[in-house]
Amino acid sequence: MYQQVLDPVAGSLAWSAVVAAIPLLLLFVLLGALKMTAWVASLISLAVSLAIAVVVYGMPVGQALLAGTEGAAFGFFPILWIVINAIWVYQMTVETGHFDVLRRSFASVSDDQRVQAIIIAFSFGALMEALAGFGTPVAVTSVMLMALGFQPMKAAVLALVANTAPVAFGAMATPIVTLGRVTELPVDTLGAMIGRQTPLLALFVPLALVAIVDGRRGLRQTWAVALVCGVVFAAAQYATSNFVSVPLADVVAALVSAAAVVAMVRIRRPARTADVPARVGAAGSTQMPDDAEVDDSRADVVKAYAPYGIIIAVFVICQISAVKKLLDRATISFAWPGLDVVDADGDPLNLAKFTLNLLTTPGTQMLVAGLLTMVALRLSAPRALKAYGATLHQLRWAIVTVMLVLALAFVMNVSGQTITLGTWMAGAGTAFALLSPILGWLGVAVTGSDTSANSLFGALQVTAANQAGLSEVLMAASNSSGGVLGKMISPQNLAIAAAAVGLDGKEGEIFRRVVLWSLGFLLVLCALSALQASPILSWMVP
């Protein structure tokens, strides 16, 4: 058995935190500064984390290795299981030619890439986040953007930056439900508080997307469309989470924001100077070579949209209480074989428990949607299997990377390295209100999941709030809201984005292009959290 130790370095929490941060800092240096391939950087960081766990924290070698194996398994199921099946659905639409139909349909709404980035990466991505989460929006929207003529690197960056404001309410608010479970705070209250933080991010994200696509000129010419999208999304997310339903916050916000953009574009198209091609940043003209000669029938257009309609229908049906309860019967939970760990207080560690939610996981539901897509697109079984094989080949390095990153996360979490970092930050007193979102950001940067970050640091946020005389609800919510900004720099999501657009080995370059956006938005959220903890904005706390 291993009992976690929070201050193994000379009994000092501060020095222990410095040592505990080494694997994560090393990972980002290897990715961002040394431009190392993600799976190699992850493997080196995992080895360093194992060494620290064994040598510094005194964790038995066998227990440390078992923690890594559990993390690798969690990386494959449920995370990669979702992404693989999501990309498979896309591959089938490519195989049948219906993805070209979808591309032409999107282009008919607007041939301006700046508008397309807003509709697809932000609004449609938010819908995918609401229904599935766990990397699905990044995988799906990045390939959709590429099909519209975006350069692969730009498509990956747009998908990652867009996947921020919706994350806390993703997968039907799973992160918030998890946060409520670990903090014993009401889910509706937490959702309402988060609904008074993340909408502020939503105001700026569409503007950031326009800036990424076309810089200052894009902002000058397209700011009205971007602002309308952000304002409508923010208002819908706030209103739904506070007055209607926390799980439906992203669904409503995504649909109404997309409708608002379409309406805005039809009323008044953004200005575009003569030297701005419809596909900004992509070579060639507005149309693909054969597009001018193609007149898609209504039946073809319906088939092109069918896979995404099927995905939405399957996920909505699976969220119905009676159906969800029935599917949950196939869920199996067990202690990870051989892993025997307790926390610093001697209580059994929840991380040592592995859950196989075979039917309620979005990955299995995405597989069902894929099978229905086969029928809708009249795709034969051999061709569908060929598409699945192409998907596995495309994601092969992403699979290795994600499993290594999650192994690293579990070694850091189970050994106590991550908790050391969190406990040290929690000792900041009233200044913790400013630092609280950083803790969530750190958790998601390590694990790639807002749900996991809330499981990891949710209770710690409440403890720190009580010690500093701060609002428990505010600090817990700030953990989840800050976590959404760690999503775009998480090696797990970098690997998914790189694989989706065919840029394996370029994760470091993608990281460098998104890290400043992540840090910039994080500063805004930290300031908001501090103001909400002060008399200035304390009225915003329910």
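In the predicted model, Gly-469 is exposed, its relative accessible area being 63%, and this glycine is placed in the loop that runs between helix H20 (450-468) and helix H21 (472-483). Although Gly-469 and Thr-430 are 39 residues apart along the chain, their C-alpha atoms are separated by 7.3 Å.

A second loop, between helix H11 (198-244) and helix H12 (249-267), holds Leu-248, which counts as partly exposed at 36% relative accessibility. Together with Val-252, Leu-255 and Val-256, Leu-248 forms a nonpolar patch on the surface, and the accessible area of these four residues together is about 290 Å².

In the interior, the largest nonpolar core has 189 residues, and those with the most contacts inside it are Met-144 and Ile-489. Helix H4 (residues 61-96) contributes the largest share of this core, namely 16 residues. When residues up to four places away in sequence are not counted, Ile-489 touches Phe-28, Trp-441, Ala-445, Leu-494, Phe-511, Val-514, Val-515 and Ser-518.

Ser-436, which lies in helix H19 (residues 432-447), has a relative accessible area of 0% and is therefore buried. With residues up to four places away in sequence again left out, Ser-436 touches Gln-461, Met-475, Ser-478 and Asn-479; toward Met-475, the side chain of Ser-436 reaches the backbone oxygen at 3.2 Å. Between Ser-436 and Pro-247, which are 189 residues apart in sequence, the C-alpha to C-alpha distance is 24 Å.

Notes:
Residues numbered from 1 in each chain as written. Predicted model: local features only at pLDDT ≥ 70, side-chain atom pairs only at ≥ 80, totals over all residues. Heavy atoms only, no water. Helix = DSSP H or I, 4+ residues; strand = E, 2+ residues; numbered from the N terminus. Buried < 20%, exposed > 50% of the residue type's maximum accessible area, 1.4 Å probe, protein only. Patch = residues over 30% accessible without salt bridge, like charges linked within 9 Å, V, L, I, M, F, W, Y side chains within 5 Å. Areas by Shrake-Rupley, 256 points an atom, 1.4 Å probe, with all protein chains shown as cover. Salt bridge = Lys/Arg side-chain N within 4 Å of Asp/Glu carboxyl O. Core = buried A, V, L, I, M, F, W, Y, C linked by side-chain atoms within 4.5 Å. Contact = heavy atoms within 4.5 Å. Polar contact = N/O pair within 3.5 Å; in protein donor to acceptor, adjacent residues only side chain to side chain.
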